[in-house]
Structure formats: C-alpha cells, structure tokens
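Here are some exercises to work through at your own pace. Try each task before you read its solution.

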Amino acid sequence: MLAKYFIKRYAAKEGKRIRRIEKKTKELLEGYHWPGNIRELQNVIERAMILRDSDTFSVEAAWLQPEPEPWIGLQPSLINKERELIEAALVETRGRVSGPDGAASRLGVPRTTLEYKIKILRIDKYRFRAVANSY
C-alpha cells in the first residue's frame, strides 16, 4: 500500500505515468525487510522513478541489498572489551550506576545508555554490590 502511494507521488512529481509494476519488483518490495523503514522505501522508489524511462515501474535488486557490516571479526572482541570496561566501572563504584560517583559518570556516558548496555550485555549489576560488601 505504501509503495503504491509513493509510486503515484513520485510519478506525479517527475511528470511520469506508470501503467504497471514489474512482477519481480513487487516480489522484491514485499520480500525485503526494510531496515530503514518508510524512509528507505521512499528513497528506493524515488530513485527508481527518477531513473525510469518507461511506463513500467521497476527497482534494481542491488538497491535492496544491505551493506555488509565492517569488521565482523572484531565484533566479539569489542563486545568483550565493552563488558570488561562496564564491569570494571561497576566494581569501582560498588554497583552504583548513576550519580556523580556512579559508573555512568566514570565511563562518560548517560545513565540510560549504561543501563541499556548492562541489559543488552546481561550484566548483573547487583553482584557488584555484594562483591564490594565482602571486602
């Protein structure tokens, strides 16, 4: 539905008349997971409309291929390094995340960002309170 809307919108903008949509294009548009959401759909359709010379709308499959993530091999080590830094800050602050003496302040990140990272990395921030109390 959104694709049809954008096709009509950009056809009018470019002064073009689209009589049909290529079957392969329909399949591509329906099968793609759209990580960029509506803006990505809009951009793909606008690009196709600008480049289109005929009354048949089509999209190049290559436009819908996500770019590979750089440095995939480094990702696990970066995640481990991030975990180590967060856990070290939690040890130093005895599990305290917020406030001027909290881990977020020491790491130079907003409290909400650190809470998110703790959740994503599945770090039990409460265990650092117990560690601090055992000394």
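The expected span of a helix is 1.5 Å times one less than its number of residues. Helices here are DSSP runs of H or I with at least four residues, strands are runs of E with at least two, and both are numbered from the N terminus. Keep in mind that this is a predicted model, where local features need pLDDT of at least 70, side-chain atom pairs count only at pLDDT 80 or more, and totals for chains, interfaces and linings use all residues. Residues are numbered from 1 along each chain as its sequence is written, and side-chain values use heavy atoms, with hydrogens and water left out.

**Exercise 1. Check the length of α1, then find its buried side.**

Step 1: α1 has 13 residues, so at 1.5 Å a residue it should span 18 Å; the end C-alpha atoms are 18 Å apart, which agrees.

Step 2: look for buried residues (under 20% relative accessible area; exposed is over 50%, partly exposed in between, with a 1.4 Å probe and protein chains only). In α1 these are Ala-3, Phe-6, Ile-7, Tyr-10 and Ala-11. They cover an arc of only 130° around the axis, so they sit on the same side of α1. That arc is taken from the directions from the helix axis to the C-beta atoms.

Step 3: flip to the other side of α1, and you'll find Lys-4, Lys-8, Ala-12 and Lys-13 exposed.

Why does such a pattern show up? An α-helix has 3.6 residues a turn, so residues three or four places apart point the same way.

**Exercise 2. Work out what Ile-45 touches and which core it belongs to.**

Step 1: contact means heavy atoms within 4.5 Å. Leaving out residues up to four places away in sequence, Ile-45 touches Ala-3, Phe-6, Ile-7, Tyr-10 and Phe-57.

Step 2: a nonpolar core is a set of buried Ala, Val, Leu, Ile, Met, Phe, Trp, Tyr and Cys residues joined through side-chain atoms within 4.5 Å. The largest one has 17 residues, and Ile-45 is among those with the most contacts inside it, along with Trp-34, Leu-41, Phe-57, Val-59 and Leu-64. At least two residues of this core come from each of α1, α2 and α3.

Step 3: apart from that core lies another, of 11 residues, including Leu-90 and Leu-121.

**Exercise 3. Decide whether Thr-25 is buried or exposed, and find its partners.**

Step 1: Thr-25 belongs to helix α2 (residues 23-31). Its relative accessibility is 0%, so Thr-25 counts as buried.

Step 2: not counting residues up to four places away in sequence, Thr-25 touches Phe-57, Ser-58 and Val-59.

Step 3: a polar atom of the Thr-25 side chain lies 2.9 Å from the backbone nitrogen of Val-59.

Methods. A polar contact is a pair of N or O atoms within 3.5 Å; within protein, one must be able to donate a hydrogen and the other to accept it, and residues adjacent in sequence count only if both atoms are side-chain atoms.
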